[in-house]
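Biologist: I should like to go through the terms used for this model and hear what each one rests on. May I put the questions one at a time?

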Amino acid sequence: MADQPGSPTTDDAPDLAAAALPADVVGLLEGIATTRAIRRYTDEPVPDAALRAILFAATRAPSGSNRQPFRFVVLRDGEKAAQAKHLVAEGARRVWAGKRSTDGYDRGTGTVDDSPKARMARTMQHYVDHVAEAPVLILPCLVRYREPTPSEGASVYPACQNVLLAARALGYGGVLTGMHFFVEDELRALLGIPPEVFVAATITLGRPAGGHGPVRRRPLGELVFGDTWGEAPAWAVDPPGTQHTAAGPPRQDS
Ligand SMILES: Cc1cc2nc3c(=O)[nH]c(=O)nc-3n(C[C@H](O)[C@H](O)[C@H](O)COP(=O)(O)O)c2cc1C
């Protein structure tokens, strides 16, 4: 295909306009079951072709009336990107400091070195300390066309999950957070985000420093009901080998 104005092609930068999406490294259902929050990344950059596939998937998400109010600010290596990443890191420190104290991460089992709570605290601390180094920081946004409604997030968060699933499909990983909360005004000013735009989250992406693993949720039968609330249908049983978590909604027998 001939080069087009504005789409330079070199050996290092293949012509993406002519390229199909890269092949998935994992099937859809297995990818869904293994898209965990990834908070540690290697230094490996996420190449244009992978980012393009991930954002293509994001923008294929459903939204109310197919209005597609989602927008994605994708921050990588530029000067403003670095500033934005440092702002988010500052916000993350403040959010985590509050959560660490309010949720008692330094009390009870949090003081037991190998407890899930202590491990989570270490993971979070590492994330907060290194978030500015994440290869990619995405700010998923929603352009409001009316006063905020309780359900407006339903037109942006499916797109966020598509980001995470597409990243998983290509061997990358990420995590959605609300860690921009305290620095939103500064981010808006830096990046020119208009007032009618809701900054829905942050998503960091990169090559996982560890592996992918199964998500752990409550058993299917606790979360899916049939004709009567609280009563699971006979088919609502987890596949063999499913791993569970004690976190989540209170059980009926607890
Ligand atoms: C709405 C929402 C908000 C979240 N906020 C944060 C956050 O602020 N910080 C964080 O580290 N993870 C955040 N997460 C990631 C969750 O903590 C994570 O998905 C959950 O603990 C389950 O872990 P898993 O995805 O690895 O199975 C958020 C996820 C969602 C869906």
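Modeller: Please do, and begin with Asn 66.

Biologist: What makes Asn 66 count as exposed?

Modeller: Asn 66 has 7 C-beta neighbours inside 10 Å. A residue is exposed if 12 or fewer other C-beta atoms, placed from the backbone, lie within 10 Å of its own, buried if there are 20 or more, and partly exposed in between. Asn 66 is therefore exposed. This is a predicted model, in which local features need pLDDT of at least 70 and side-chain atom pairs count only at pLDDT 80 or more, while totals for chains, interfaces and linings use all residues. Residues are numbered from 1 along each chain as its sequence is written.

Biologist: What is notable about the phi of Asn 66, and which residue of that loop has a positive phi of about 55 degrees?

Modeller: Asn 66 has a positive phi, near 55 degrees, without being a glycine. Ser 65 has a positive phi of about 55 degrees and is not a glycine either. Most residues other than glycine have a negative phi. Ser 65 and Asn 66 lie in the loop between H2 and S1, where helices (H or I, at least four residues) and strands (E, at least two) are DSSP runs numbered from the N terminus. Ser 65 is exposed because it has 7 other C-beta atoms within 10 Å.

Biologist: Why is Arg 122 called exposed?

Modeller: Arg 122, in helix H4, has 12 other C-beta atoms within 10 Å, so it is exposed.

Biologist: What makes Gly 213 count as exposed, and which residues is it in contact with?

Modeller: Gly 213, in the loop between S5 and helix H7 (220-223), has 12 C-beta neighbours inside 10 Å and therefore counts as exposed. Neighbours within four places in sequence aside, Gly 213 is in contact (C-beta atoms, placed from the backbone, within 7 Å) with Thr 34 and Arg 36.

Biologist: Which residues surround the ligand, and how do they divide by type?

Modeller: Arg 36, Ala 37, Met 124, Tyr 127, Val 175, Leu 176, Thr 177, Gly 178, Met 179 and Val 215 surround the ligand, each being near it (C-beta atom, placed from the backbone, within 6 Å). Helix H4 (116-130) and strand S3 (173-177) each give two or more residues to this shell, and S3 gives the most, with 3 residues. The shell holds 7 nonpolar, 2 polar and 1 charged residue; Ala, Val, Leu, Ile, Met, Phe, Trp, Tyr, Cys and Pro count as nonpolar, Asp, Glu, Lys and Arg as charged, and the others, Gly among them, as polar.

Biologist: Which residues touch the most other members of the largest nonpolar core?

Modeller: That core is a set of buried Ala, Val, Leu, Ile, Met, Phe, Trp, Tyr and Cys residues joined through C-beta atoms within 7 Å. Among its 47 residues, Ile 54, Val 88, Ala 92, Val 163, Ala 166, Ala 167 and Leu 205 touch the most other members. Elements giving two or more residues to the core include helix H3 (79-102) and helix H5 (157-169). Apart from neighbours within four places in sequence, Ala 167 is in contact with Ile 54, Tyr 172, Gly 173, Gly 174 and Leu 205.

Biologist: How does the radius of gyration of the protein stand against a compact globule?

Modeller: The rule, 2.2 Å times the number of residues to the power 0.38, is for a radius taken over C-alpha atoms. For 254 residues it gives a value near 18 Å; the protein has 20 Å, which agrees. Buried residues make up 25% of the 254 residues.

Methods:
Two residues are in contact if their C-beta atoms, placed from the backbone, lie within 7 Å.
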